[in-house]
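Hello,

I am handing over the structure I promised you, and below it you will find my notes on what turned up. Please have a look at the model first and then read on.

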Amino acid sequence: MPLDQLAALVACAVLAGLGILQGALIVGAPLGRMAWGGQHEVLPARLRIGSGVSIALYVHVAYAALARAAVAPPVVNDTVTAVLVWALTTYFGLGVVMNGISRSRPERLIMTPVALVLAALYFVLALS
């Protein structure tokens, strides 16, 4: 399997895991310390809505990875897909910093490496 396809599939698996976490947060699981700044054990309604939006975004972000690896049709065209993947690489890189400075220890310990993995995977895709 080519490296870009492997990176896309691993990215999709990581994003699916994040989607499961966000879904658990929506239904009231006491995992809020791992997300949204870690200020709530159980998320309030507004952050649960944010978790729902996050799930929808994860689907699109995963599709961009699959499109870049030519596993799915491109997002508009190959140029738009390439630019989008570079933007996502930057976004996940910023996520490493933001999670790394979170006041929430669980968010720092768990989500920082997750963001780093996603940044690395999207970097591989961006270079492909």
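Let me start with a bend: α4 turns by about 30 degrees at Met-111, and a proline, Pro-113, follows within four residues. The bend at a residue is the angle between axes fitted to the seven residues ending there and the seven starting there. Helices here are DSSP runs (H or I, at least four residues), numbered from the N terminus.

Before I go further, a word on the basis: this is a predicted model, in which local features need pLDDT of at least 70 and side-chain atom pairs count only at pLDDT 80 or more, while totals for chains, interfaces and linings use all residues. Residues are numbered from 1 along each chain as its sequence is written, and side-chain values use heavy atoms, with hydrogens and water left out.

Back to α4. This helix covers residues 105-127, 23 residues in all, and reaches 33 Å from its first C-alpha to its last, close to the 33 Å expected at 1.5 Å a residue. (The expected span is 1.5 Å times one less than the number of residues.) Its buried residues are Glu-107, Met-111, Thr-112, Ala-115, Leu-118, Ala-119, Leu-121, Tyr-122, Leu-125 and Ala-126. Buried means under 20% relative accessible area, exposed over 50%, and partly exposed in between (1.4 Å probe, protein chains only). The buried residues of α4 pack against α1 (3-26), α2 (45-68) and α3 (78-100).

Thr-112, next to the bend residue in numbering, lies in α4 and is buried, with a relative accessible area of 16%. Leaving aside neighbours within four places in sequence, Thr-112 is in contact (heavy atoms within 4.5 Å) with Val-96, Asn-99, Gly-100 and Glu-107.

Now to the core. A nonpolar core is a set of buried Ala, Val, Leu, Ile, Met, Phe, Trp, Tyr and Cys residues joined through side-chain atoms within 4.5 Å. The largest one has 30 residues, and those that touch the most other members are Leu-15, Phe-92, Leu-118, Tyr-122 and Leu-125. α1, α2, α3 and α4 are the elements that give two or more residues to this core, and α1 gives the most, with eight residues.

Two residues show how α4 meets α1. Outside its neighbours within four places in sequence, Leu-118 is in contact with Ala-11, Val-14, Leu-15, Leu-18 and Phe-92. Ala-11 belongs to helix α1 and is buried at 0% relative accessibility. With the same neighbours set aside, Ala-11 is in contact with Leu-118, Leu-121 and Tyr-122. Ala-11 and Leu-121 are 110 residues apart in sequence, yet 6.4 Å apart in space, C-alpha to C-alpha.

How many aromatic pairs does the structure hold? There are three. Rings of Phe, Tyr and Trp (its six-membered ring) pair if their centres lie within 6.5 Å; planes under 30 degrees apart count as stacked, over 60 as edge-to-face and the rest as tilted. Tyr-91 and Phe-92 are edge-to-face, 5.4 Å centre to centre with 65 degrees between the planes. Of these two, Tyr-91 is exposed at 57% relative accessible area, whereas Phe-92 is buried at 9%. Phe-92 also pairs with Tyr-122: their centres are 5.3 Å apart and their planes stand at 45 degrees, so this pair is tilted. The pair links distant parts of the chain, with Phe-92 in α3 and Tyr-122 in α4, 30 residues apart. Tyr-122 is buried at 0% relative accessibility. Tyr-91, Phe-92 and Tyr-122 form one aromatic cluster.

A few notes on α2 as well. This helix has 24 residues and reaches 35 Å from its first C-alpha to its last, close to the 34 Å expected at 1.5 Å a residue. Its buried residues include Leu-47, Gly-50, Tyr-58, Val-61 and Arg-68, and what covers the buried residues of α2 includes α1, α3 and α4. Just after α2, Ala-70 takes a positive phi of about 65 degrees.

Finally, the structure holds one salt bridge (a side-chain nitrogen of Lys or Arg within 4 Å of a carboxyl oxygen of Asp or Glu). Its partners are Glu-41 and Arg-33, at 3.3 Å, N to O. Glu-41 is partly exposed at 38% relative accessibility, and Arg-33 is partly exposed too, at 32%.

Best wishes
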